[in-house]
Amino acid sequence: TKVESGKVKWESPSNIALVKYWGKRENQIPENPSISFTLSNCKTITTLSYQKKEGNDFSFNVIFEGENNEAFKPKIQTFFERIQTYVPFLRDYHFTIETSNTFPHSSGIASSASGMSALALCLMSIEEDLRTDHSDHSEDYFSQKASFLARLGSGSACRSIEGELVVWGNNESTESSDLFGVRFTEDTHSNFRDYQDAILLVDKGEKQVSSTVGHKLMFGHPFAEKRFEQAHENLSELKDVLISGNFKRFIEIVESEALTLHAMMMTSMPYFILMKPNTLQIINKIWKFRAETGSNICFTLDAGANVHVLFPKAEADKVYEFIKTELVAYCQNGHYICDTVGKGAKKL
Ligand code: PMV
């Protein structure tokens with residue numbers, strides 16, 4: 001390649017799984033399919049500068065929120081090793097990765113989905129800038145390959161390229177793939193448009209169990225096979241629910257998925273309890289509020305103590321009032337983040 005240097009910039013959001021990915025095989029292949037809402041406000045903004053270099057090694061430096069950062073380097077080194085066969089120019093340039101998040105650093109919100117997808121998209125833009133043959137790529141080439149690369153950085157990152165709902169993992173009832181995320185293109189019922197996600201920060205500490213360790217806990221897990229089967233069933237049904245607009249089943253599937261994820265961690269060896277007392281307080285308050293008001297509010301969880309509160313836009317005033325008066329007390333420093341479903345990553 002003749003290009004000496006250049007610079008590209010992307011912002012890419014986080015996502016929240018409705019049917020959870022937990023368990024993977026070699027090469028970041030998921031053991032079960034998952035589906036997520038793409039978020040909007042929680043995102044990573046990454047600028048990738050590249051400069052022609054000599055030598056055959058990977059060369060890069062990371063600037064996180066304006067400061068030189070060594071801590072992220074091993075993860076990125078691993079990422080580069082995994083993707084090198086698909087990104088042949090990776091050894092030809094020195095890269096400067098300047099990255100920042102819109103959400104606070106130690107908020108307990110995983111930045112791997114937004115961070116890895118932003119980096120994958122930057123690499124795709126460079127691929128495009130360096131292209132000498134101008135044969136047409138298929139329409140989906142760019143986002144599919146970006147998702148494919150993002151998956152190799154962090155599995156769930158492959159669901160952050162597009163919006164508003166993304167399916168990842170082979171499943172008989174969709175044209176999805178284990179290799180990349182695909183948009184859920186069915187006509188989603190208006191009940192589920194502009195869905196809201198209030199992220200209650202119960203515990204902003206470092207994750208007790210990294211997802212790398214977490215996925216490995218599914219090897220030889222006594223309930224693994226049944227769980228993977230269940231995820232297939234839940235995904236199939238959730239797809240129908242998203243079309244029909246059935247709030248009741250939506251709530252049941254989403255909450256059950258969250259609790260099952262945690263049940264898997266409680267029943268693995270070693271075992272973990274990642275919920276905190278305040279997580280349970282919040283869940284009970286949500287159930288009570290729903291029973292008393294007929295609201296369609298529900299919760300979901302990632303591999304941590306924070307609670308994602310999901311609700312339709314039409315209920316936003318009422319639910320935020322409830323959050324402020326009843327749930328904020330259980331958040332660390334009263335901190336929570338208001339997010340909504342979004343349309344995916346953007347080139348800047
Ligand atoms: O992408 P990873 O390897 O960090 O795994 C994330 C797994 C969960 O967030 C717990 C569930 C999911 O599907 O996002």
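**View 1. Helix H6 lies across two strands of a sheet.** Helix H6 (residues 247–266) crosses strand E11 and strand E12 (307–311), and runs at about 30 degrees to E11, where axes are lines fitted to C-alpha atoms, for helices over the stretch in contact, and angles run from 0 to 180 degrees between N-to-C directions. Helices (H or I, at least four residues) and strands (E, at least two) are DSSP runs, numbered from the N terminus. Helix H8 (residues 316–327) packs on the sheet as well, touching E10, E12 and E13, and its direction makes about 10 degrees with that of E10. The model is a predicted one, in which local features need pLDDT of at least 70 and side-chain atom pairs count only at pLDDT 80 or more, while totals for chains, interfaces and linings use all residues. Residues are numbered from 1 along each chain as its sequence is written.

**View 2. Four strands form an open sheet in the order E11-E12-E10-E13.** The pairing is antiparallel, two strands being paired if DSSP finds at least two bridges between them. Strand E11 (298–301) and strand E13 (336–340) each have a single partner strand, so one side of each is left without a neighbour in the sheet. From one strand to the next, the twist averages 25 degrees. Strand E10 (residues 196–200) is joined to E13 by five bridges, and Ala-198 has Cys-338 in E13 as its bridge partner.

**View 3. Domain 1 (5–186) meets domain 2 (196–340).** These bounds come from an automatic or database domain assignment, and the C-alpha centres of the two domains lie 25 Å apart. In domain 1, 27 residues are in contact with 32 residues of domain 2, contact meaning that C-beta atoms, placed from the backbone, lie within 7 Å. On the side of domain 1 that touches domain 2, the largest share, six residues, comes from E4.

**View 4. The largest nonpolar core has 92 residues.** Such a core is a set of buried Ala, Val, Leu, Ile, Met, Phe, Trp, Tyr and Cys residues joined through C-beta atoms within 7 Å, and a residue is buried if 20 or more other C-beta atoms lie within 10 Å of its own. Among the residues with the most contacts inside the core are Ile-35, Cys-122 and Val-309. Helix H2 (residues 112–130) gives the most to the core, with ten residues. Domain 1 and domain 2 both give residues to this core, so it lies between them. Leaving aside its neighbours within four places in sequence, Cys-122 is in contact with Val-8, Trp-10, Thr-46 and Leu-48.

Terms used: Buried ≥ 20, exposed ≤ 12 C-beta atoms within 10 Å, placed from the backbone.
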